[in-house]
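Trainee: Could you take one part of this structure and go through it with me slowly?

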Amino acid sequence: MRLYTYWRSTTSYRVRIALNLKGIAYESIPVDLVKGEQASSDYVALNPIKGVPTLVTYDGTVLTQSMAILDYLDHLVPEPALLPQGDLTRRAHVLAAAMVFAADVHPVNNLKVVKKVKSLSDDASGLAWMQDWMRQGFAAYDALIARDTPFSFGETPDLADICLVAQLYNAHRWSVDLTDYPRLLEIETRCLALPAFQAARPENQNDAT
């Protein structure tokens, strides 16, 4: 498989973790979002969304949007499962927590939106914008997850943990105060101790600068 990715992209980070957890070999192809490579004609022909990640599967099928790619990977290689199987209520809880970041925080904090916010005000306002949305997301996530498990919902990491770890990377990068969320930081530490998460970390990518 080929994964078009950017080292600091949280959505790409999610997919890298899942690929590693499931033991799926892939070639990482960097797309420099800062330089605007996502808007090149060749890339737009591959992914009209002009973003990352893009996954090209074994048979040449092109997949976009991280959550859709994660769903595909979970069905392609069922173990370890990213979403609980059999327990529909627990599955819904895990998915809801994951969507706090995928649906609520990330869409208003991605590069295109933040650039627009800065163009309407200034860099400081753009930073405050991102920090506020992340704080709201972490508060909601912390209220949704289990309290007595090593990871967000169980003994092993799942889709929610993948989305959490990727979002916490941005939080550290943009100096979000996380002192109110010790459980989230504990989960992050456990996740990053796992080889699949460690290999997927932004600073460990071949395009990291």
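Mentor: What follows is a close look at the largest pocket.

This is a predicted model, in which local features need pLDDT of at least 70 and side-chain atom pairs count only at pLDDT 80 or more, while totals for chains, interfaces and linings use all residues. Residues are numbered from 1 along each chain as its sequence is written, and side-chain values use heavy atoms, with hydrogens and water left out.

Rolling a probe the size of a water molecule over the atoms shows where empty space is left. On a 1 Å grid over the protein atoms alone, a pocket is an open set of points where a 1.4 Å probe fits, with protein on both sides within 12 Å along at least five of seven lines, and lining residues have an atom within 4 Å of a point. The largest pocket has a volume (the space filled by probe spheres set on the points, which are joined across faces, edges and corners) of about 870 Å³.

Its lining holds 32 residues, and those closest to the centre are L33, H106, N110, L111 and K112. Two or more lining residues come from each of α1, α3 (66-76), α4 (88-109), α5 (111-120) and α7, where helices are DSSP runs of H or I with at least four residues, numbered from the N terminus. Among these elements, α5 gives the most to the lining, with five residues. By class, the lining of the largest pocket has 13 nonpolar, 12 polar and seven charged residues; Ala, Val, Leu, Ile, Met, Phe, Trp, Tyr, Cys and Pro count as nonpolar, Asp, Glu, Lys and Arg as charged, and the others, Gly among them, as polar.
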